[in-house]
Amino acid sequence: MLVLQGGGALGAYQAGAYETLSESSLAPDWVAGISIGAINAAIICGSPPEARLQRLRSFWEEVTSELTVTPFLWGTQPRRTYSELAAAEVTLAGVPGFFRPRTPLTLWPFASTPALSFYDTSPLLDTLGRLVDLDYLNDKGPRLSVGATDIETGNFTYFDSAKMRLDLRHIMASGALPPGFPPVEIDGRFYWDGGLVSNTPLQYVMENAGTETLCIFQIDLFNARGELPGDIADVQQREKDIRYSSRTRLTTDRFKHLHALRAAADRLAEKLPAALRSDPDLALLRGAGPDCPVTLVHLIHRKEGFESNSKDYEFSRLSMTEHWAAGTNDVKRTLAHGKWKSREIGKDGLQIFDLGARNA
C-alpha cells in the first residue's frame, strides 16, 4: 500500500515514486493520503491500472504549464532566484487547473459574504472531475483513505472508501489548507486540510491494518531531520519541515514499540496457567499494535540546495521534473538495495527500511 504525505508542489516526488513502483509490479491495493497526497491518491485509485501514470502526468504537467521557462544561468544562487521568482508568480497568478486568486473586493471584511480564503479552488474541482473516475474509485479501484480536519471540533476525520462512498468533496477537503484555500462542506460539516492535525496518514493505516500481511511504502515530502538554520530564510524552511513532517519517525517508533509489547504479551500468555490466559488485562496487551506483520519502506523527499521556504508552492516545470526524477531514483535505489532483496517477507512484527538516500 501507499501512504502519501501532504506537501503541495513537492507531490511530484510521489508521482515519480509511483512510476517506478508500478513498473516493478508493486501495485497498491490501498492508498492513504493527506492534501496533495490525497490528490495523487485519488488519481491512482480513480483510474484503471493502465491509465494511472498517464493521468498523474496530465495533472502535474497541467499545474506546471505556466512556468516552463528554464533559468539562463546555473548554480545554487541563480537556481534559488529562479525558484523564488516562480513561487512569486504562483502567489500572484495562481496555478492552472488548481487554484486562482480571488479579486480583492471578495476579501473585504465588510462585504456581505467575505471570502474565507485568498484563492478559489474551483479549477481543481474541474481537474479532478476529468482525471478521477468516481465509479471506478468506489466500485473497482484500490481502497482510498483521505484525512481532513473538522473546523468546528478541530478533530481529525478520515474518509475511507472501505466504509463510505467517496466523491470529489472528500478529496478537496483533505487539501483545503487555510488561509489559502476555502473550507469544504460535507453533509453539514466544514473541513480544512488534514495536515493541520497530522500531515501523514500512517497512524490511521496502522490502526486499521487488519490481519493480512502488509507492505507499506510511506512517501514523505518533508524531512524531519535537517541542519541548523543559517539565516531567516533557513529558519522558515526548517520550521515548515519540522511542522509538516508530522513526527513520522515518532509514529513509526511508537508502532514498533507496540509490536514488541504485543509479542511480549503473547510470550507471557504461553507461560501463564490456562485460567489466566483469558484475563482482560492480558487481552488488552495482546491487542496492542497491528494484528499482522508489517513491512514499512520509508521514502523521503530530501531538500535540494536551492530549495527554500517556498518549495511547496513553487510549481515550475523544472522543479516538478526534478522532484519526479528524485522519486523514481529513490525507489530504484531502495528496490536494488541488498537489505530489501534479502528481507524476510511476512516476518512477524514491524520491519523498517529507509534505503532511499544516496548514502543508505
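This report covers charged side chains and cysteines in a predicted model.

**Salt bridges**

The structure holds 17 salt bridges. Three of them are tabulated here with their closest N to O distances.

| Pair | N to O distance |
|---|---|
| Asp-135 and Arg-165 | 3.4 Å |
| Arg-189 and Asp-150 | 3.1 Å |
| Asp-312 and Lys-240 | 2.9 Å |

Take the pair Asp-135 and Arg-165, with N to O at 3.4 Å. The two residues are 30 apart and link distant parts of the chain. Asp-135 sits in helix H6 (residues 134-139). Arg-165 sits in the loop between strand S6 (156-160) and helix H7 (168-174). Asp-135 is exposed, at 52% relative accessible area. Arg-165 is partly exposed, at 47%. Asp-139 joins Asp-135 and Arg-165 in a network of salt bridges.

Next, the salt bridge of Arg-189 and Asp-150, at 3.1 Å. This pair connects two strands: Arg-189 is in S8 (residues 189-193) and Asp-150 in S5 (residues 143-150), 39 residues apart. Burial is uneven here. Arg-189 is partly exposed at 31% relative accessibility, whereas Asp-150 is buried at 6%.

The third pair is Asp-312 with Lys-240, at 2.9 Å. Asp-312 lies in the loop between S10 and H12 and Lys-240 in helix H9 (residues 232-245), so the bridge ties together parts 72 residues apart in sequence. Asp-312 is buried, with 14% relative accessible area. Lys-240 is buried too, with 9%.

**Glu-314: a buried acid without a salt bridge**

Glu-314 is in the loop between strand S10 (294-300) and helix H12 (317-336). Glu-314 is buried but forms no salt bridge. Why not? The nearest side chain of opposite charge, Arg-79, is 4.2 Å away, and the cut-off for a salt bridge is 4 Å.

What does the side chain of Glu-314 meet instead? One polar contact, of 3.0 Å, goes to the side chain of Ser-83. Another, of 2.5 Å, goes to the side chain of Ser-319. Leaving out residues up to four places away in sequence, Glu-314 touches Ala-9, Arg-79, Ser-83, Ala-86, Ala-87 and Ser-319.

**Cysteines**

How many disulfides does the whole structure contain? The search finds zero. Cys-215 is in none, and the nearest cysteine sulfur, in Cys-292, is 11 Å away. The sulfur of Cys-292 has Cys-215 as its closest partner, and 11 Å is too far for a bond. The two sites also differ in exposure: Cys-215 is partly exposed at 29% relative accessibility, while Cys-292 is buried at 3%.

Methods:
Residues numbered from 1 in each chain as written. Predicted model: local features only at pLDDT ≥ 70, side-chain atom pairs only at ≥ 80, totals over all residues. Heavy atoms only, no water. Helix = DSSP H or I, 4+ residues; strand = E, 2+ residues; numbered from the N terminus. Buried < 20%, exposed > 50% of the residue type's maximum accessible area, 1.4 Å probe, protein only. Lys, Arg positive; Asp, Glu negative; His and termini not counted. Polar contact = N/O pair within 3.5 Å; in protein donor to acceptor, adjacent residues only side chain to side chain. Contact = heavy atoms within 4.5 Å. Disulfide = S-S within 2.5 Å.
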